[in-house]
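Subject: Structure handover

Hi,

Here is the structure for your files. My notes on it follow below.

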Amino acid sequence: MVRSIADEHNVVVLVPSKRQAEVWAPEANLTVSKADDITAAVARLTRGRVGLVVIINRYDGIDLPDEACRLLVIDSLPFAYNGLERREAVALRDSDAMVTRQLQRLEQGMGRGVRSRDDRCVVLLLGEQLIQLLSHPAYSDRLSGATHAQLDVSRVVASRLEGKTAEELRPVIAQVIGNDVGFRKLTRQKLTGVTYSPASVSETAAHLRSAYNHAVAGRPREAAGQAQTAVEAARNDRDAALAGWLGETYATYLHAVDPLAAQQALTDAGRLNNAVLKPRAGVEYNRITPPSYQAQQAVDYLTARYSTGQELTLGLAVVLADIDWDATRTPEAEASLADLGRHLGFTAQMPERDFKIGSDVLWSVGSHTYWVIEAKTGSKTAAIGKHDINQLAGSTNWCRTEYGTDATVVPIIVHQSHIISREGTPPPSARVINVQKLKGLKAAVYQFMRAVADGDRYRTPAEVEKQLTEFKLNTTGFIEAFTQLGYREPLSP
């Protein structure tokens, strides 16, 4: 549908990664990622019709007025791409601070195609994370008045198109591109009276800037003091993830004044956010708590996190979207595997990230049983290599040491292949979630999600238990349905 529109008008697709750009590659006339190439592509668009242009990881600093872009597609939520931004994104996952930053980048992207009052451009928003973010009522006040008003119009249109095919969007898109009088009148009515509030600077940002200014001026003690105040401001806003992240920054400034105190600051930061750097002395491992009755624990988790079935549907879809074969987003995949366990009524932690010991993910599934999970979603090898399978064996041994020889430990590796290199030493009965098994798991979770979201049945333990059993997501069905035994690579002839 988008390709057919590009045969007549310029269409720009903004994607967050090269991997997502590959989805559009068969239909794209041009794909650009480097700054100079993006500049040249924009210049071509402003001169005449190019067709469908895909731009990778650029949401600001681009002007696409009038005929330069009549349809703008933002495919998936913008996410961090360089090393520091990725660390921050994982540390601040689901925090208020990260939500605000994502919304700001999204608004910047949405504004690329409308550069004046009389300009017109259709914006299509795609992707589970993106839709979840925009649909959450708690976040609506973080959008500008104009964006808020336009989304209200969009929801009215969308309600009339529910259940329709993508092709049936064409007449609506044609109305906007064709400057339909009725559509123009509706949008201008909605935008009448919209005012822009002056930009505000958060208290944490102000103190962090002051800390930086003191540091470059050679006043380390004052810099540390301002960074500490930023931490306290985040704690006062009840944003523990941000407070912990800023605690790492505070420790950095404090190190120039008192290295011992800086190590304690890192310890304190880790109590608020497990993803920050660890102190030199390390941190003591905290054993995972065993779950209660699975269905009840699932109900407790889901009702605390989601207020409606629709929110649950979007939320769990976001979790599944991050469990993917993408080498650039392995930390997100690991975090989502832990989160999936909690959605299903198990307890979960990330020992390697949080304590620098053990497996990527650990699920406690009850009856003194533990599933040790190593996530190799970024691996492209045809077989599970020696390093990866030996890592699973080491994590399995660690779990038995930590939880006792009477514990039942199930080793699981998430890898595209279920074939194990002969050079490796797999733990006994090693299980694999390969491409086909992950596909089946996602399908089952989607079915479970829709079933318990319908009529808010996720609030009733008996209903949740029924659906967990139906889709083999309970402790007895999961291993059999969604993992398989690893297969040792045959000897060469």
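**Core, rings, helix packing and loops**

Leaving aside neighbours within four places in sequence, Leu340 is in contact with Leu316, Val319, Leu320, Ile323, Trp363, Leu441 and Val445. Contact here means heavy atoms within 4.5 Å.

Some ground rules. This is a predicted model, where local features need pLDDT of at least 70, side-chain atom pairs count only at pLDDT 80 or more, and totals for chains, interfaces and linings use all residues. Residues are numbered from 1 along each chain as its sequence is written, and side-chain values use heavy atoms, with hydrogens and water left out.

**Cores**

Leu340 belongs to the largest nonpolar core, which has 47 residues. A nonpolar core is a set of buried Ala, Val, Leu, Ile, Met, Phe, Trp, Tyr and Cys residues joined through side-chain atoms within 4.5 Å. Buried means under 20% relative accessible area, exposed over 50%, and partly exposed in between (1.4 Å probe, protein chains only). Leu340, Leu344, Trp363, Trp371, Leu473 and Phe478 touch the most other members. Helix α19 (residues 435-453) gives the most to this core: nine residues. Helices (H or I, at least four residues) and strands (E, at least two) are DSSP runs, numbered from the N terminus. Another core lies apart from this one. That second core has 29 residues, among them Ala41, Leu77, Leu103 and Leu151. In soluble globular proteins, nonpolar side chains tend to be buried together.

**Rings**

The structure holds 10 aromatic pairs. Rings of Phe, Tyr and Trp (its six-membered ring) pair if their centres lie within 6.5 Å; planes under 30 degrees apart count as stacked, over 60 as edge-to-face and the rest as tilted. One pair is Trp363 with Phe478, edge-to-face, at 5.7 Å centre to centre and 65 degrees between the planes. Trp363 lies in strand β7 (residues 361-366) and Phe478 in helix α21 (residues 475-482), so the pair ties together parts that are 115 residues apart in sequence. Both Trp363 and Phe478 are buried.

Ring pairs also link Tyr285, Phe355, Tyr370, Trp398 and Tyr403 into a cluster. The charged end of Arg287 sits over the ring of Tyr403, 5.8 Å from its centre. The test for that is NZ of Lys or CZ of Arg within 6 Å of the ring centre and within 35 degrees of the ring normal.

**Helix packing**

Helix α10 (residues 203-216) and helix α11 (residues 220-236) pack at about 170 degrees, axes 7 Å apart. Axes are lines fitted to C-alpha atoms, for helices over the stretch in contact, and angles run from 0 to 180 degrees between N-to-C directions. α10 and α11 are therefore roughly antiparallel. Angles under 35 degrees count as roughly parallel, over 145 as roughly antiparallel, 65 to 115 as roughly perpendicular and the rest as oblique.

Helix α14 (residues 294-305) and helix α16 (residues 330-343) cross at roughly 110 degrees, with axes that come within 8 Å. They are therefore roughly perpendicular. Ala298, Tyr301, Leu302 and Arg305 of α14 meet Asp339, Arg342 and His343 of α16.

**Loops**

Asp66 is not a glycine, yet has a positive phi of about 50 degrees. Asp66 is in the loop between β3 (52-56) and β4 (71-75), and counts as partly exposed at 40% relative accessibility. Ser76 has a positive phi of about 85 degrees. Ser76 is in the loop between β4 and α4 (83-91), and counts as buried at 16%.

Regards
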